[in-house]
Amino acid sequence: MEQARATQTERSPQPQAPAPVTARDWDERVDRATAKLPERAQRMVRWLREPARFPVRLVAAILLMLGGIFSILPVLGLWMLPLGLALLAQDVPGLKVPMEKSARWIERQWRRWRGR
């Protein structure tokens, strides 16, 4: 009986630790999200992600984050803060991993809330 239990526990798969999150994961997530947009929006996002567009991205990111801070006003909202951070992450590699971790956490919470 003991031997059967020992064999059974050896065969049961151990839960593996998730793979480490990298900046490349965030870039791939942005690429997948961009692919779901209409063609015109895809072109706009590709244009905005070009390295030469750094000044445009920086200004847009700052404005979006400021708009997120003033979320009590109409039209402005908290949705602007993560979008500004996502734009800023394009140029600040240190933000990509926290953004990816946040996105994964939100997905887990969403699945849990939806009961999947």
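Leaving aside neighbours within four places in sequence, T34 is in contact (heavy atoms within 4.5 Å) with Q42 and V45. T34 sits in helix α2, residues 23-35, where helices are DSSP runs of H or I with at least four residues, numbered from the N terminus. With a relative accessible area of 10%, T34 is buried; buried means under 20%, exposed over 50% and partly exposed in between, using a 1.4 Å probe and protein chains only. The model is a predicted one, in which local features need pLDDT of at least 70 and side-chain atom pairs count only at pLDDT 80 or more, while totals for chains, interfaces and linings use all residues. Residues are numbered from 1 along each chain as its sequence is written, and side-chain values use heavy atoms, with hydrogens and water left out.

Helix α6 (residues 93-114) holds both W110 and W113, 3 residues apart, about one turn of the helix. One aromatic pair is counted, the rule being that rings of Phe, Tyr and Trp (its six-membered ring) pair if their centres lie within 6.5 Å, with planes under 30 degrees apart called stacked, over 60 edge-to-face and the rest tilted. The ring centres of W110 and W113 are 5.4 Å apart and the planes stand at 40 degrees, so this pair is tilted. W110 and W113 are both exposed.

K96 also belongs to helix α6, but this lysine is buried, with a relative accessible area of 10%. Not counting residues up to four places away in sequence, K96 touches A23, W26, D27, A89 and Q90. The C-alpha atoms of K96 and D27 are separated by 7.9 Å, although the two are 69 residues apart along the chain.

Turning to the interior, the largest nonpolar core (buried Ala, Val, Leu, Ile, Met, Phe, Trp, Tyr and Cys residues joined through side-chain atoms within 4.5 Å) consists of 7 residues: L48, A61, L64, M65, M80, L87 and L88. Helices α4 (54-69) and α5 (80-89) each contribute at least two of them. A61, one of the core residues, contacts G84, L87 and L88 beyond its neighbours within four places in sequence.

The largest pocket encloses about 690 Å³ of space. A pocket here is an open set of points on a 1 Å grid over the protein atoms alone, where a 1.4 Å probe fits, with protein on both sides within 12 Å along at least five of seven lines; lining residues have an atom within 4 Å of a point. Its volume is the space filled by probe spheres set on the points, which are joined across faces, edges and corners. Of the 23 lining residues, W26, V30, L83, A86 and L87 are the closest to the pocket centre.

Definitions and conventions
Helices (H or I, at least four residues) and strands (E, at least two) are DSSP runs, numbered from the N terminus.
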